[in-house]
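Here's a quick tour for anyone meeting this structure for the first time. We'll look at its pockets, then at a pair of helices.

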Amino acid sequence: MESFELSLDTLRSRRGAKWNRFPSSVVPAWVADMDFTVAEPVQQVIERLVADGDYGYPLRAGADTVPAAFADRMRECYGWEVDPADVQTVTECVQCMFAAVLAFSQPGDGVVIQTPIYPPFLNTVAKTERRLVENPLRDDGSRYVLDVEGLKSVIDDRTRVMMVCNPHNPTGRVFTRDELMALGNAAVEHDLVIVCDEIHADLVYPGNRHIPMATLGPEIAARTITLTSATKGFNIAGLRCAVMHFGSPELRERFRQVVPDSIMGQASVAGVDATVAAWREGQPWLDRVMARLEANRDHLAQFVAAELPGVKFYPPEATYLAWLDCRDLHLPGSPFEFFLEHGVGLNDGATFGTPGVTCVRLNFATCEEVLGEVLGRMAAAVKEHAGAKPVAATS
């Protein structure tokens, strides 16, 4: 069976953001791209487009459409019956976040978010001049959990939208049914629209199960916009294709009154064909990738425990992202800058909100060679820092 892992030399020859943001002396482990080849069915549909020079206006119908493929995958994976008529094909989830907040709130209105959070959530609130209603996740000693009592206390009479990320980026949590019901019930009680990013749903590890927000009952579904894509699970972010699912026709009509379909644009033909191929034929590839990711995650957990004293890490229940809390290293400045100075490019936890200022996010979706280099450099940096610290006086 052909390996899906790419060598360090191959990765360095690529032109994408991940391997070109930092100087060549830095090993990158930041943006959510996997250092793997794509599934063969995806590669085949792209090669067909190229071979045919078929770059004109597309016309896809029936099973070849993204809404139909999405509906079938939701049924197969989660028992969720989706009407393709309630699905809008778009270019990306971040665009949809902005559009939904603009459609269902006014400047100064509150948007409740569980932090730390993927930075575009925070950017959406700031750039649309809405008000951040922050409900940080709570560290219970073994994972980050929803603060239900905190949620009840922060929502006020000008809160209009609840933004949810599940599976959660950056902590890797897969929220339980009870946690999701707490979010959904709060939205019903306060008449909030829920914008739920479920883009990492394909990347859930054994022992956990993703529950789509819109499956929690008709009241919650009717106010939920689900955003997702094949881009994270199948490593095709550059092809720009995503979906918005509206939990009720009324919700979609409210959205369209403010944001006409023409403003949202259309996904490219390459993105459409790749997404359909991924969701319909890519699961065997994804199963192999998940086995590698699980092995990497477990190795990372063992390494952090043994070689990175002072770093707190709860192995994620989904995603290929590790949320590392470095507060007990007592670094002189940002942990992002500290590790960058030692040749490792991570995501700066401060960009994920106030709870992330002592943290970094590490992408472990790579080959053993690259992951080993990243972890080795981090361990050497931590040991060097510990050796440089003055010895405490004893009495």
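## Pockets and a helix pair

Helix α2 is the top contributor to the lining of the largest pocket, giving 3 residues. Bear in mind that this is a predicted model. That pocket holds about 980 Å³ of space. It has 44 lining residues, and D33, N235, I236, A237 and G238 sit closest to its centre. Besides α2 (40-52), the elements that give two or more residues to this lining are α4 (93-104) and α9 (231-234).

What about the second largest pocket? Its lining includes P58, L59, R60 and T89, along with G265, Q266 and A267. Helices α3 and α12 each chip in at least two lining residues there. Here's how the two pockets look in numbers:

| Pocket | Volume | Nonpolar lining residues | Polar lining residues | Charged lining residues |
|---|---|---|---|---|
| Largest | about 980 Å³ | 23 | 11 | 10 |
| Second largest | about 350 Å³ | 7 | 4 | 1 |

Now for those two helices. The axes of α3 (residues 66-78) and α12 (residues 269-281) come within 9 Å and cross at roughly 20°. Angles under 35 degrees count as roughly parallel, so α3 is roughly parallel to α12. Their crossing is left-handed. On the α3 side, the contact is made by V66, A68, A69, F70, D72 and R73, while α12 brings V272, T275, V276, W279 and R280. Sorted by class, that contact has 7 nonpolar, 1 polar and 3 charged residues. V66 and V272 also turn up in the lining of the second largest pocket.

Technical notes: Residues are numbered from 1 along each chain as its sequence is written. This is a predicted model: local features need pLDDT of at least 70, side-chain atom pairs count only at pLDDT 80 or more; totals for chains, interfaces and linings use all residues. Side-chain values use heavy atoms; hydrogens and water are left out. Axes are lines fitted to C-alpha atoms, for helices over the stretch in contact, and angles run from 0 to 180 degrees between N-to-C directions. Helices (H or I, at least four residues) and strands (E, at least two) are DSSP runs, numbered from the N terminus. Angles under 35 degrees count as roughly parallel, over 145 as roughly antiparallel, 65 to 115 as roughly perpendicular and the rest as oblique. A crossing is left-handed if the near helix is turned anticlockwise from the far one by less than a right angle, and right-handed if clockwise. Contact means heavy atoms within 4.5 Å. Ala, Val, Leu, Ile, Met, Phe, Trp, Tyr, Cys and Pro count as nonpolar, Asp, Glu, Lys and Arg as charged, and the others, Gly among them, as polar. On a 1 Å grid over the protein atoms alone, a cavity is a set of points where a 1.4 Å probe fits but cannot get out, and a pocket is an open set with protein on both sides within 12 Å along at least five of seven lines; lining residues have an atom within 4 Å of a point. Grid points are joined across faces, edges and corners, and a volume is the space filled by probe spheres set on the points.
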